[in-house]
Amino acid sequence: MNILETKDLRKTYGNGETAVHALDGVNLTVENGEFVAVVGTSGSGKSTLLHMLGGLDTPTGGSVIVDGKEIFTLKEEELTIFRRRKIGFVFQNYNLVPVLNVYENIVLPIQLDGVEPDEEYVKQVISTLGLESKLKNLPNNLSGGQQQRVAIARALAAKPAIILADEPTGNLDTKTSQDVMSLLKVTSKKFSQTIVMITHNEEIAQMADRIIRIEDGRIVVGR
């Protein structure tokens, strides 16, 4: 079953001869539970694609369907709620709230939705990511790798339909990058979590189930 689909997705900046086609007719499907890496050089369109998949930017044309819902037919407030419930994000810069401790950061998106966290599930996520001893720490007392683990836990905690990871190892050294990638792969399998990750790092991409390559706003190859 496809959890994510794009149809003729386009994003153009500017007009006429100076127009830049950041996305030029992208058709993509991702199955439930799949871990997909989207690889491309700087300027290839991979970041633009991720922003479209997450409803963070509006396409010039085409559609994005997440968990059966065409997201750009939603009104702004509806899209905000849908994004919070159905899409988890893991960013290169972690985006943790500095005044909240690790546990508070993990459950924040759930609480913003006005519901109680599934304590047993959250505990399982925390254990899988090895964060049990860090729950009361503030983000600035953690290493980069530990902060990224918290970001992954936060993305998983709300049981989203899909997690979008934007260069999740970009600020980490080689060993920590490998550790974080291993954890992403483990959590993808353990929790049957769909993950789409963008990266320029070919070695990191090899750890995904499938690699999609993008150049000049078009998908040129996938496996």
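Three exercises with worked solutions follow, on residues T18, K11 and G68.

The model is predicted: local features need pLDDT of at least 70, side-chain atom pairs count only at pLDDT 80 or more, and totals for chains, interfaces and linings use all residues. Residues are numbered from 1 along each chain as its sequence is written, and side-chain values use heavy atoms, with hydrogens and water left out.

**Exercise 1.** Place T18 and state whether T18 is buried or exposed.

Step 1. T18 sits in the loop joining β1 (2-13) to β2 (20-31); strands are DSSP runs of E, at least two residues, numbered from the N terminus.
Step 2. T18 is exposed because its relative accessibility is 63%; exposed means over 50% relative accessible area, buried under 20%, partly exposed in between (1.4 Å probe, protein chains only).
Step 3. From this loop, the T18 side chain comes to 2.9 Å from the backbone oxygen of N15.
Step 4. T41 is 23 residues from T18 along the chain, and their C-alpha atoms are 21 Å apart.

**Exercise 2.** Describe the surroundings of K11.

Step 1. K11 belongs to strand β1.
Step 2. Its relative accessible area is 11%, so K11 is buried.
Step 3. Leaving out residues up to four places away in sequence, K11 touches residues including V20, H21, A22, L23, T48 and M52; contact means heavy atoms within 4.5 Å.
Step 4. D57, T58, P59 and T60 are also among the residues that K11 touches.

**Exercise 3.** Find the position of G68 and its separation from I3.

Step 1. G68 is in the loop between β4 (61-66) and β5 (69-70).
Step 2. G68 has 70% relative accessibility and therefore counts as exposed.
Step 3. The C-alpha atoms of G68 and I3 are separated by 7.1 Å, with their positions 65 residues apart along the chain.

How values were computed:
Helix = DSSP H or I, 4+ residues; strand = E, 2+ residues; numbered from the N terminus. Polar contact = N/O pair within 3.5 Å; in protein donor to acceptor, adjacent residues only side chain to side chain.
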